Amino acid sequence: AVDGVRRRLGRQLAQEHPAEADCVIAVPDSSNSAALGFAEASGLPFELGLIRNHYIGRTFIRPGQHSREAGVRVKYNVVRSLLEGKRVVGVDDSVVRGTTSRKLVALLKRAGVREVHLRIASPPVVGPCYYGIDTPSREELIAATHGLDAIQSYLGVESLGYLSEAGLKASVQHPSHHCYPCFTNKYPVPVAGDPATEAAA
């Protein structure tokens, strides 16, 4: 069921943000199914162009910036023979701080990738999660403090597209059963110490 939803997210993303490119790659592993869906809907070939080292943990929740950046360098390996000289659509499930995505784009370009078109299988993360997911503070969320053009420039990509909120809801069976405050900034209850939730509630 989860794989099916993620594939639908990828197909919807391809409809909303097509790209002129040579292939589609996933930012493994959480984006594999969405990237396959994007490839199916766009007619572009899917390539295993990034290999993840499974002995490295989640980079966005590491305690320090230097630690996160060092983690990216050892977490992913680019398959140069598949991607060199190509225009690549990279599909990821989210962008949180932007640190991992920026380093990943730099890795791809150092490996000879000609263009990187980043597609995100969720809306921009503009609010922290207060319901159990360890996400950064609002000030650290790149989409909470920067517009699309600024994020694209910071990441160093040729184009950037996020899935719309409507596209997200269209891709799940029971949209009213899910939680969206990190994408909408509309929290069901105010959170002590965060004036944004008090204003949005």
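Helices here are DSSP runs of H or I with at least four residues and strands are DSSP runs of E with at least two, both numbered from the N terminus; on that basis the protein chain comes to ten helices and six strands. The model is a predicted one, in which local features need pLDDT of at least 70 and side-chain atom pairs count only at pLDDT 80 or more, while totals for chains, interfaces and linings use all residues. Residues are numbered from 1 along each chain as its sequence is written, and side-chain values use heavy atoms, with hydrogens and water left out.

Begin with the whole chain in view: of its 201 residues, 42% are buried, where buried means under 20% relative accessible area with a 1.4 Å probe, protein chains only. Taking a contact as heavy atoms within 4.5 Å, 72% of the contacts between residues at least 6 apart in sequence join residues at least 24 apart.

Next, select the four strands of the open sheet, which follow the order β1-β4-β5-β6 with parallel pairing; two strands pair if DSSP finds at least two bridges between them. At the edges are β1 (23-26) and β6 (159-162), each of which pairs on one side only. From one strand to the next the twist averages 20°, with axes fitted to C-alpha atoms, for helices over the stretch in contact, and angles running from 0 to 180 degrees between N-to-C directions.

Now narrow the selection to β4 (residues 87-92) and β5 (residues 115-120), which pair in the parallel sense over six bridges. Here Arg87 has Glu115 in β5 as its bridge partner, and Gly90 stands opposite Leu118 in β5. Five of the six residues of β5 are buried, so that this strand is mostly covered.

Add helix α7 (residues 148-155), which lies across β5 and β6 and runs at about 125° to β6.

Finally, display the largest pocket, which holds about 1100 Å³ of space. A pocket is an open set of points on a 1 Å grid over the protein atoms alone, where a 1.4 Å probe fits, with protein on both sides within 12 Å along at least five of seven lines, and lining residues have an atom within 4 Å of a point; points are joined across faces, edges and corners, and the volume is the space filled by probe spheres set on them. Of the 33 lining residues, Arg6, Ser122, Cys179, Cys182 and Phe183 are the closest to the centre. Helix α1 gives the largest share of the lining, five residues.

Technical notes. Buried means under 20% relative accessible area, exposed over 50%, partly exposed in between (1.4 Å probe, protein chains only).
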